[in-house]
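Here are my notes on this one, jotted down while going through the model. Have a look at the structure first, then read on.

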Amino acid sequence: MAQIGTDIDLAISLLESDELVGIPTETVYGLAGNALDESVILKIYKAKNRPKFDPMIAHASSVDSVARLVKNIPDKAFTLAEAFWPGPLTLLLEKSDKIPDLLTSGLPRVAVRIPGHPTALKLLERLEFPLAAPSANPFGYVSPVEASHVNEQLGHKIEYIIDGGRCQIGLESTIIGFDGDQPVVHRLGGIAIESIRELVGDLRIETNNSSNPLAPGMLKSHYSPGRKLILGDIEQKAAEQINKKLAVISFKQDYTHISTKSFVLSPTGNLEEAANNLFKALRQMDDPEVDIILSEKVPNEGLGLAINDRLKRAAV
Ligand code: TXA
Ligand code: MG
């Protein structure tokens, strides 16, 4: 198992020696390593058991350092960066020659983000290179939102995990690219789509390319717990399951009367709270005691879009 702690100096010396470290961000925990070193990037692919056609995000601490990783920052990208960085926004921009092809899976654009977690920022400020950091989970599984989640799944592959507490947002960053001047959302995430639209106007959402290597993070069966998850009307779906031990993940209503285990995402119906609880709920309900997980969609607004997206992918 890895050691969990708050020793930033140790994390820095490991990263500078080409090792991987589990790091907190405000979205989810990342499995971090030097984004400019191919051998380190390869280690990350291996540790995650991730196919090499699925590129990684480069994390930096300032717009200046981002600017060195890309050819240029279009006006609308700059507007979004000013509004949401540091924070749960990832921009797809044309990569500079500094970025190894392995990081982008040979694609011409690189994904870049300035994370909002103070520890991640402190770490990035002190390092001389950006950090590649995919979510710190084995490929295809639910993203970790606590240091212990990282240890459970990748602890045997790394030495150290920085404990930054529970991730404040709990959903991955929103990924935005540009088609000419038009913003295109490639992954729904921690920023409400309405706030993005308010700033840049018209945008396209293209997150359903399940077999399109251009956005492989959007593979249909991502975020899947080990157990089968069925999405729909909970009472109705429960009635169809005879003699099964059910786990229920509901939005605000309680279903303890029909389940072995259950998790209410937000008793008050708050979508931020629901987003923050989603991955924890998926992990907790993914229990050997349980045969099937039932869940329902949340209102399709604000962070609800991203929550529903993750639930749909978990249900494939
Ligand atoms: O919130 C987050 O973004 C977290 C934290 C740790 O920063 N990171 C994260 O990384 O979710 P990951 O690797 O699990 O998901 C990033 C997704 C990838 O699945 C990939 O499909 C997409 O971003 N991506 C990365 N680089 C890309 C590129 N050059 N072109 C298209 N998609 C890209
Ligand atoms: Mg991931």
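The points below go from the overall layout to the sheets, the helix pairs and a couple of backbone details.

1. First, the layout. Keep in mind that this is a predicted model. The domain assignment splits the protein into domain 1, made of 3–72 + 85–169, and domain 2, which covers 228–314. Measuring from C-alpha centre to C-alpha centre, the two domains are 29 Å apart. Their contact involves 14 residues from domain 1 and eight residues from domain 2.

2. Next, the 11-stranded sheet. This sheet is open, with mixed pairing, and its strands run in the order S1-S8-S2-S3-S7-S4-S6-S5-S9-S10-S11. At the edges you'll find strand S1 (3–5) and strand S11 (204–205); each has a single partner strand, so one side of each has no neighbour in the sheet.

3. One pairing inside that sheet, if you want something to click on. Strand S4 (residues 57–59) pairs with strand S7 (residues 131–132) in the antiparallel sense, over two bridges. Pick Ala58 and you'll see that its bridge partner in S7 is Ala132.

4. What lies on this sheet? Helix H1 (residues 8–16) lies across S1, strand S2 (21–23), strand S3 (30–34), S7 and strand S8 (160–162). Relative to S8, H1 runs at about 130 degrees.

5. H1 also has a helix to pack against. Its axis and that of helix H5 (residues 118–126) come within 11 Å, crossing at roughly 50 degrees. H1 and H5 are therefore oblique to each other, and the crossing is right-handed. On the H1 side the contact uses Ile8, Asp9, Ala11, Ile12 and Leu15, while H5 brings Thr119, Lys122, Leu123 and Arg126. By type, that contact has five nonpolar, one polar and three charged residues.

6. Now the other sheet. The order here is S12-S15-S13-S14, an open sheet of four strands with parallel pairing. Strand S12 (228–231) and strand S14 (261–264) are the edge strands; each has a single partner strand, so one side of each is left without a neighbour in the sheet. From one strand to the next, the twist averages 15 degrees.

7. Some detail on this sheet and its helix. S12 and strand S15 (residues 292–295) are joined by four bridges in the parallel sense, and Lys228 has Ile292 in S15 as its bridge partner. Helix H9 (residues 271–285) packs on the sheet and touches S12, strand S13 (246–250), S14 and S15. The direction of H9 makes about 180 degrees with that of S14.

8. How do H9 and helix H10 (residues 304–314) pack? The angle is about 25 degrees and the axes are 9 Å apart. That makes H9 roughly parallel to H10, with a left-handed crossing. H9 contributes Leu271, Ala274, Ala275, Leu278 and Phe279 to the contact, and H10 contributes Gly304, Ile307, Arg310 and Leu311. Those residues divide into seven nonpolar, one polar and one charged.

9. Another helix pair to look at is helix H4 (residues 75–84) with helix H7 (residues 193–200), whose axes are 10 Å apart at an angle of about 130 degrees. That angle makes H4 oblique to H7, and their crossing is right-handed. From H4, the residues in contact are Lys76, Thr79, Leu80, Ala83 and Phe84; from H7, they are Ser195, Ile196, Leu199 and Val200. The split for the contact of H4 with H7 is six nonpolar, two polar and one charged.

10. Finally, two backbone spots to check before you set anything up. The peptide bond from Trp85 to Pro86 is cis, with omega near -10 degrees. Pro86 is in the loop between H4 and strand S5 (89–94). The other spot is Asn49, a residue other than glycine with a positive phi, near 60 degrees. Asn49 belongs to the loop between helix H2 (38–48) and S4.

Note on methods:
Residues numbered from 1 in each chain as written. Chains lettered and ligands numbered in written order. Predicted model: local features only at pLDDT ≥ 70, side-chain atom pairs only at ≥ 80, totals over all residues. Heavy atoms only, no water. Axes fitted to C-alpha atoms, helices over the stretch in contact; angles between N-to-C directions. Parallel < 35°, antiparallel > 145°, perpendicular 65-115°, else oblique. Left-handed = near helix turned anticlockwise from the far one by under 90°. Contact = heavy atoms within 4.5 Å. Nonpolar A, V, L, I, M, F, W, Y, C, P; charged D, E, K, R; others polar. Pairing = 2+ DSSP bridges. Domains from an automatic or database assignment.
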